[in-house]
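Me: Could you take a close look at one helix-helix packing in this model for me? I would like the geometry first, then the residues that make it up.

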Amino acid sequence: MKIFMDWLANVFAPKAKKFTQMPAIAALSSAMQNLIPFILTGSVVFFYNVFRSYIPQLPDLTNISNYSFGMIGLVAAFMVGHQFMEKFRHPQYATTAGIVSICVLMMTLHPIGEKQGVYDLGRVGPTGILIGVLFGVAIGVIFHFYSKLNFLKNSSLPDFVANWINNIIPIFISLALFATLIFAFKIDVFQVILNLFEPIQNFGQSLPGLILLVLIPAFFYSMGISTWLWTALQNPIFIAGIAANALAVKNGGNAVNIVTNETVYSLGLIMMGGTGATLTLNLLMCFSRSAKLKTIGRICLGPSLFNINEPIVFSTPVVMNPILMIPMWLNSIIGSCVIWAVMRGGLLNIPASLMQVAQIPAPISSVIILQDFRAIIWYVLLFVVYLATWYPFFKVYEREVLQEENQLQPAV
């Protein structure tokens with residue numbers, strides 16, 4: 001274990017942190033964070049619709065969702081293109097690159113073979129988030145390499161004229177490239193990309209996919225790397241899954257996609273107290289014999305109840321703590337397996353509406369999202385399982401902390 005922890009601390013963690021600071025990775029992470037307000041706006045409407053189903057007289061807010069979350073593909077295209085320029089230190093191109101990314105995505109709204117004037121607006125919604133991200137990356141790369149040419153850097157032209165030219169050229173190249181593929185070669189780029197990524201999407205909706213989408217962020221989080229880094233990987237799978245569930249239910253079918261943001265985060269079952277299911281660790285600390293752990297536990301209990309565990313993860317600490325990292329990883333696997341089994345076995349409803357309300361305490365959020373009171377039973381059972389997982393590791397760590405505290409006490 002000591003050799004492994006030394007390797008993690010001195011070799012793996014520094015390289016992982018360096019990787020997360022790469023401009024392209026930082027751009028994707030930042031862009032995904034900027035999408036959150038639009039996703040949450042849609043979540044608020046779906047949450048509101050739960051109450052509207054009982055009080056039909058309430059006003060219909062569907063259009064608010066349609067023109068926020070329903071346009072998430074366009075928003076993703078802009079945000080990624082914009083953030084690529086920011087992170088690659090070309091802020092003068094940030095807005096332009098974002099707008100060109102939207103323009104390229106708009107080119108794909110007319111499916112090849114359809115009559116003129118037929119546009120699939122569904123392509124700018126949840127289905128288009130992956131396409132929007134990829135188009136944003138492509139446009140960002142084009143603008144980045146063009147900017148490195150330093151064209152007209154020493155020109156005698158007025159600055160505003162040189163700036164116009166330096167925007168026109170990458171705009172023209174970007175639009176010409178995709179226009180040639182789509183209109184000259186008649187390639188439905190949107191559908192081609194979806195087909196290429198279908199195996200990834202299918203794997204993401206499997207049990208191994210769920211485990212990896214939960215475990216990988218937890219693993220890196222235990223080394224101090226924010227879980228936000230992985231939203232660029234998670235969100236396309238999560239959003240496509242919940243959108244397909246909502247459409248299936250609307251058409252009289254059943255929700256089948258388990259791997260969604262609602263399942264992983266908002267239910268508060270896999271993430272009970274936050275990544276790694278740290279709520280029960282927090283409660284153990286509240287009753288610790290260690291004054292340090294007891295104080296931290298009581299301070300952090302409030303945030304933990306709302307599934308915010310940064311305070312306890314970094315102050316206990318769980319980060320780079322060889323004793324407490326392991327149960328964080330174990331709970332990520334256990335919670336994923338249990339929820340997958342009970343949902344697939346029909347013992348718990350599968351989420352069918354967009355409701356990213358992770359900061360509502362479970363099991364209140366669980367029942368509201370699933371419309372299933374069985375969620376309370378599974379919350380209690382998972383609480384016991386998580387407690388049992390944390391307990392032996394916590395007692396070992398508590399013993400170490402107590403020894404340190406005893407050594408610090410003045411001799412009588």
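Reply: Happy to! H15 and H17 are roughly antiparallel to each other, a label given to angles over 145 degrees (under 35 is roughly parallel, 65 to 115 roughly perpendicular and the rest oblique). Their packing angle is about 170°, and the axes lie 10 Å apart. The axes here are lines fitted to C-alpha atoms over the stretch in contact, with angles running from 0 to 180 degrees between N-to-C directions. H15 covers residues 322-344 and H17 covers residues 374-408; helices are DSSP runs of H or I with at least four residues, numbered from the N terminus.

A word on the basis: this is a predicted model, in which local features need pLDDT of at least 70 and side-chain atom pairs count only at pLDDT 80 or more, while totals for chains, interfaces and linings use all residues. Residues are numbered from 1 along each chain as its sequence is written, and side-chain values use heavy atoms, with hydrogens and water left out.

Now the residues. On the H15 side the contact (heavy atoms within 4.5 Å) includes Pro327, Leu330, Asn331 and Ile334, and on the H17 side Trp378, Thr389, Trp390 and Glu400 are among the residues involved. By class, the contact residues divide into 19 nonpolar, three polar and one charged. In this scheme Ala, Val, Leu, Ile, Met, Phe, Trp, Tyr, Cys and Pro are nonpolar, Asp, Glu, Lys and Arg are charged, and the others, Gly among them, are polar.

Threonine 389 of H17 deserves a stop. It is buried, with a relative accessible area of 11% (buried is under 20%, exposed over 50%, partly exposed in between, using a 1.4 Å probe and protein chains only). Its side chain makes a polar contact with the side chain of asparagine 331 at 3.3 Å, and also reaches the backbone oxygen of valine 385 at 2.9 Å. A polar contact is a pair of N or O atoms within 3.5 Å, where within protein one must be able to donate a hydrogen and the other to accept it, and residues adjacent in sequence count only if both atoms are side-chain atoms. Beyond its neighbours within four places in sequence, threonine 389 touches Pro327, Leu330, Asn331 and Ile334.

H17 also holds a salt bridge, between glutamate 398 and lysine 395, with the closest N and O atoms 2.7 Å apart; the term requires a side-chain nitrogen of Lys or Arg within 4 Å of a carboxyl oxygen of Asp or Glu. Being three residues apart in H17, the two are separated by about one helical turn. Glutamate 398 is buried at 1% relative accessible area, whereas lysine 395 is partly exposed at 25%.
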